[in-house]
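Colleague: Thanks for sitting down with me over this one. Could you walk me through it, a piece at a time?

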Amino acid sequence: MKMTGAKILIESLRKEKVEVMFGYPGGVLLPLFDVLYDSPIKFILTRHEQGAAHAADGYARATGKVGVCIATSGPGATNLVTGIATAYMDSVPMVAITGQVKTHLIGNDAFQEADVTGITRPITKHNYLVKDVKDLAKIIKEAFHIAATGRPGPVLIDLPVDVQMQETKYQYPKEVSIRSYKPTYRGHPGQIKRAAKLIETSKRPVLYTGGGIIISGAHKELKILAEKCKIPVTTTLLGLGGFPETNKLSLGMLGMHGTVYANHSIMESDLIIAVGARFDDRVTGRIDAFAPEAKVIHIDIDPTSLSKNIRVDIPIVGDARMILSELVQRIRKAPETAAWLKRIGEWKKRSPLFYKRDNKLRPQYVVEMIHEVTKGKAIIATEVGQNQMWAAQHYIYTTPRTFISSGGLGTMGYGFPAAIGVQLGKPKAIVFDVAGDGSIQMNIQELTTAVVNKLPVKIAILNNGYLGMVRQWQELFYKKRYAHTTLEGNPDFVKVAEAYGAVGIRVKKKADVKSALKKALKIKGPVVLDFIVEGEENVFPMVPAGEAINRMIGGMA
Amino acid sequence: MKYTLSVLVENKSGVLAHVAGLFSARGFNIDSLAVGETEDPSISRMTIVGEGDERTMDQVKKQLNKLIDVIKIYDLSRIQFIDRELMLIRVVITPKDRERVIDIVDSVRGASVADVGDQTLTVEATGDQTMVHALIELLRPFGIKEIVRTGKIAMAINNKK
């Protein structure tokens, strides 16, 4: 049967079991949107293409499925760029579809033309410009395959308007075979054996785990390994939820704003077992001072992550879940870690995470109360900056895919549209966006999207009147010269919420936090909670830039 | 340390941009890059000569492998190979130098006179890196006006025969 390119695209998306897509129409997408008009695929019209990309990203992180977003040529496509780069840095499976001008006009500086495959080349796992409708079905099949397998990432398909209108015989390929793309899943048995030996004889081992645990679904295997061998576990920002923080072996997050005990454990460790993490500079601090006595086992599906930042003794390329389950079987006797755990226990007792518990409304308290009133069952999306770090530190994560945050790229404006995507993927979940008064304004237009689609996302603005994280650095390292970090002229967020048709609640007193949160949870639609918090509260502990990670400030109780 | 990589890639538009972009984005240096179709028209071969320590080279190879359109990478730094480069070199000559320059060119295997002008003489040369460099040095005293080089291409030595 003959079909147009537009129809082929939508049919193929259905074959890939796409239930929802996020996007914004435009001139060169008219044929496609005409087909979409009759399609059962749920289409979420965001109010900015960046919102569509982040929503697709949030949907993907919460569900593990491929997120799909769509935008028109030129400015539509360039507006997706931040969202695609965000997904790329955090290995999020995404397929982004962009309209393109007619094939014969490409390169002519046509109206709304941009070299989108050129622009997105360094921020996609792969991209395609479809020049012939006959290639379209195969390209879509490949795109979904590449996005979701190996180390996941965004794949972009640039689709000219004339290709959408051309007809060809449609047959969706059953299988993909790309001669140059065959990710490695099984770890090298010899390497796993060597790793097991090293673990058995270690005295001060630490498991350092990242987003790879969550992506590969290795949380059970990680728990088995940690408990069998009594090895403490620290997670990266993106690894939160991969190991329950209620577990005695949990050290919480490490790095620049990690716990004192996680950072000390890493620095004094004799064996770091890194799984699905990449020794990012926010984790290692000063690299030449990092974990001087430790041997390193590094398990990652992406070979480029191995030995990129630090020297690795036993690299193992492959899937975290498969490798951990084999590793557990290979370990004959657990290492003796009693003395090590005792030492860590002392650090935990001496330097817990803390903040000043007085009568003032402090942002950390808000995060704690979100945890309390939701009984720890919420999915937390965050913006970027202080709000993100407090959300990471003071909520207790126990389940994978419950912390949704832009780690690698650090994209302000990510959290709210991502929360919209999360809510669509997990309709029954309680979804919070922990926001700052700066970040929320970067994509506040998506309030319409939440209202129109009746999505009960709760936005908790930790409103301190500053671009807080930059202000904190100015306070500590630039003599309190607050250059352009004071957010004068913030709007009245309650009125903004109301103008969009959402509910706004302002909270000025600590005593009112809990009741406001409870009230918000009872409301079926989106709610903006405007918490007027202490203005100059800082995120502690903190490793100053360029320092070793055990040289923390603000870490002692 | 200089390294030579022979990289098989899909013969599609955008692949060269992808490879070149990777080098610039990650701060790797390229000394030369030569691209051409192979015996299979769907595959191109890139011969990349670069400079970097062991760790950089390791990253270069891994990062290249990560590109979907890269099919296979041969690290020629680790095996024996034959390499050739084609060079055109234009030398300024006076009538009294002409004979000497032609003598030099005749004495070097792989070099020949491609064009003789009023005040210049153009030499073409094909050879490995040592030969190409040697020829440049031999001709330098006469005054080199212009050099055009293709960049190195290389092929592993087939021990199986």
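Colleague: Let's begin with chain B. In what order do the elements of chain B run from the N terminus on?

Modeller: Happy to help, and please keep in mind that this is a predicted model. Chain B has 4 helices and 9 strands. Read from the N terminus on, its elements run β-α-β-β-α-β-β-α-β-β-α-β-β.

Colleague: What percentage of the residues in chain B are buried?

Modeller: To count as buried, a residue needs 20 or more other C-beta atoms within 10 Å of its own. The C-alpha atoms of chain B fill a box of roughly 55 × 40 × 30 Å along the principal axes. Of the 161 residues in the chain, the buried share is 22%.

Colleague: Which strands are the edge strands of the open sheet of 4 strands in chain B?

Modeller: The order in that sheet is 2-3-1-4, with antiparallel pairing. An edge strand pairs on one side only. In chain B, that description fits strand 2 (29-37) and strand 4 (70-75).

Colleague: In strand 3 of chain B, what is the bridge partner of S6(B)?

Modeller: Strand 1 (residues 2-10) and strand 3 (residues 43-51) of chain B pair in the antiparallel sense over 9 bridges. Helix 2 (residues 54-66) of chain B lies across both of these strands and strand 4. Within strand 3 of chain B, S6(B) has as its bridge partner T47(B).

Colleague: Now to chain A. How do strand 12 and strand 13 of chain A run, parallel or antiparallel?

Modeller: An open sheet of 6 strands in chain A has the order 11-10-9-12-13-14. Its edge strands are strand 11 (250-253) and strand 14 (314-317), and the twist averages 15° from one strand to the next. Strand 12 (residues 271-275) and strand 13 (residues 295-300) of chain A are joined by 5 bridges, one residue pair being I272(A) with V296(A). These two strands run parallel.

Colleague: Why is helix 4 of chain A described as largely enclosed by the rest of the structure?

Modeller: Its buried residues, including L80(A), I84(A) and Y88(A), pack against helix 3 (49-63), strand 4 (67-71), strand 5 (94-100), helix 5 (116-120) and strand 7 (154-160) of chain A. Helix 4 of chain A is largely enclosed because its buried residues number 11 of the 15.

Colleague: On which residue is the kink in helix 4 of chain A centred?

Modeller: Helix 4 (residues 75-89) of chain A reaches 22 Å from its first C-alpha to its last, close to the 21 Å expected. There is nevertheless a kink of about 35° in this helix. Just after the helix, S91(A) takes a positive phi of about 55°. The kink is centred on V81(A).

Colleague: How many residues of helix 17 of chain A are buried?

Modeller: Helix 17 of chain A spans residues 415-425 and is mostly covered. Among its buried residues are F416(A), P417(A), I420(A) and L424(A). The count of buried residues in this helix is 11 of 11.

Colleague: Which residues have the most contacts inside the largest nonpolar core?

Modeller: That core has 175 residues. Apart from it lies another core of 15 residues, among them L5(B) and V60(B). Leaving aside neighbours within four places in sequence, A460(A) touches partners including V366(A), F432(A) and L529(A), by the criterion of C-beta atoms within 7 Å. The residues with the most contacts inside the largest core are C69(A), V95(A), A460(A) and L529(A).

Conventions:
Residues are numbered from 1 along each chain as its sequence is written. Chains are lettered from A and ligands numbered from 1 in the order in which they are written. This is a predicted model: local features need pLDDT of at least 70, side-chain atom pairs count only at pLDDT 80 or more; totals for chains, interfaces and linings use all residues. The expected span of a helix is 1.5 Å times one less than its number of residues. The bend at a residue is the angle between axes fitted to the seven residues ending there and the seven starting there. A residue is buried if 20 or more other C-beta atoms lie within 10 Å of its own, exposed if 12 or fewer, and partly exposed in between; C-beta atoms are placed from the backbone. Two residues are in contact if their C-beta atoms, placed from the backbone, lie within 7 Å. A nonpolar core is a set of buried Ala, Val, Leu, Ile, Met, Phe, Trp, Tyr and Cys residues joined through C-beta atoms within 7 Å. Two strands pair if DSSP finds at least two bridges between them. Axes are lines fitted to C-alpha atoms, for helices over the stretch in contact, and angles run from 0 to 180 degrees between N-to-C directions.
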